[in-house]
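Subject: Structure handover

Hello,

Please find the structure below, with notes on what was found in it. The notes go from single residues to the whole chain.

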Amino acid sequence: MAVKDATRTRVAMCRPDTNLAEAVALMWDNECDVLPVVGESGELSGIVTDRDICIALGARNIRPSDLCIGDVIKNHTLLLSSSDDIRAALQEMRRDAG
């Protein structure tokens, strides 16, 4: 099975300047818990998870609308091709997390 067989074709995304309230609304509307973060020219600059948002808000005394995605995403993103084998992709993710 290829990665593309286990993924959605319609993907909600946000930008680094998207505030956390907007990102949460995107997640809610699209029934997802992860958003790709794309830059000005559409390049992937990271991902943000609902956990990232919860931790960021729990660690700060700030409203979600006053904090941007760029303030909470990590600077490391693992890229895979949609044609990659799903098992190989999982192995790569395990290796990257370790």
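Glutamate 31 is placed in the loop between H1 and E1. This is a predicted model, and in it glutamate 31 has a positive phi of about 50 degrees although it is not a glycine. For background, most residues other than glycine have a negative phi. The side chain sits at a relative accessible area of 68%, so glutamate 31 counts as exposed.

Overall layout

The protein has three helices and two strands. Read from the N terminus, the order of the elements is α-β-β-α-α. The C-alpha atoms fill a box of roughly 45 × 30 × 25 Å along the principal axes. Of the 98 residues, 27% count as buried. The accessible surface is about 6900 Å², and carbon and sulfur atoms hold 52% of that surface. Among contacts with a separation of 6 or more, 51% are between residues 24 or more positions apart.

Core

In soluble globular proteins, nonpolar side chains tend to be buried together. Here the largest nonpolar core has 14 residues, and Leu20, Leu35, Val48 and Ile69 have the most contacts inside it. Helix H1 (20-29), strand E1 (34-38) and helix H2 (50-58) each supply at least two residues of this core. The largest share, three residues, comes from H1.

Isoleucine 69 is one of those four residues with the most contacts inside the core. Setting aside residues up to four places away in sequence, isoleucine 69 touches Cys14, Arg15, Pro16, Thr18, Leu20, Ala23, Val37 and Val48.

Helix H2

Which residues of H2 are buried? They are Asp52, Ile53 and Ala56. Their arc around the axis is only 95 degrees, which means that they lie on the same side of H2. These buried residues pack against H1 and E2. The face of H2 turned away from the buried side carries the exposed residues Arg51, Cys54 and Gly58.

Strand E2

Two residues of strand E2 are worth listing side by side. Threonine 49 is in strand E2, which covers residues 44-49. Its relative accessible area is 18%; the cut-off for buried is under 20%, so threonine 49 counts as buried. Apart from neighbours within four places in sequence, threonine 49 is in contact with Met27, Asp33 and Val34.

Isoleucine 47 also lies in strand E2. Its relative accessibility is 40%, so isoleucine 47 counts as partly exposed. Isoleucine 47 belongs to a nonpolar patch on the surface, together with Val34, Leu44 and Leu79. The accessible area of the patch is about 340 Å² for these residues together. Val34 therefore appears twice in this section: as a contact of threonine 49 and as a member of the patch with isoleucine 47.

Salt bridges

Side chains of opposite charge can pair when their charged atoms come close. How many salt bridges does the structure hold? There are three.

Arginine 15 takes part in a salt bridge with aspartate 17, at 3.6 Å from N to O. Arginine 15 also forms a salt bridge with glutamate 40, where the closest N and O atoms are 2.6 Å apart. Arginine 15 is in the segment before H1 and glutamate 40 is in the loop between E1 and E2, so this pair ties together parts that are 25 residues apart in sequence. By relative accessible area, arginine 15 is partly exposed at 29%, aspartate 17 is exposed at 52% and glutamate 40 is exposed at 71%.

Aspartate 66 and arginine 63 form another salt bridge, with the closest N and O atoms 3.2 Å apart. Aspartate 66 is partly exposed, with a relative accessible area of 44%, whereas arginine 63 is exposed at 53% relative accessibility. Salt bridges that share partners join Arg15, Asp17 and Glu40 into one network.

Arginine 15 thus links two of these topics: it is in the list of residues that isoleucine 69 touches, and it is a partner of glutamate 40 in a salt bridge.

Regards

Key. Residues are numbered from 1 along each chain as its sequence is written. This is a predicted model: local features need pLDDT of at least 70, side-chain atom pairs count only at pLDDT 80 or more; totals for chains, interfaces and linings use all residues. Side-chain values use heavy atoms; hydrogens and water are left out. A nonpolar core is a set of buried Ala, Val, Leu, Ile, Met, Phe, Trp, Tyr and Cys residues joined through side-chain atoms within 4.5 Å. Buried means under 20% relative accessible area, exposed over 50%, partly exposed in between (1.4 Å probe, protein chains only). Helices (H or I, at least four residues) and strands (E, at least two) are DSSP runs, numbered from the N terminus. Contact means heavy atoms within 4.5 Å. Patches are made of residues with over 30% relative accessible area and no salt bridge: like charges are joined within 9 Å, nonpolar side chains (Val, Leu, Ile, Met, Phe, Trp, Tyr) within 5 Å. Accessible areas come from the Shrake-Rupley method with a 1.4 Å probe; for residues, only the protein chains shown count as cover. A salt bridge is a side-chain nitrogen of Lys or Arg within 4 Å of a carboxyl oxygen of Asp or Glu. The arc is that of the directions from the helix axis to the C-beta atoms.
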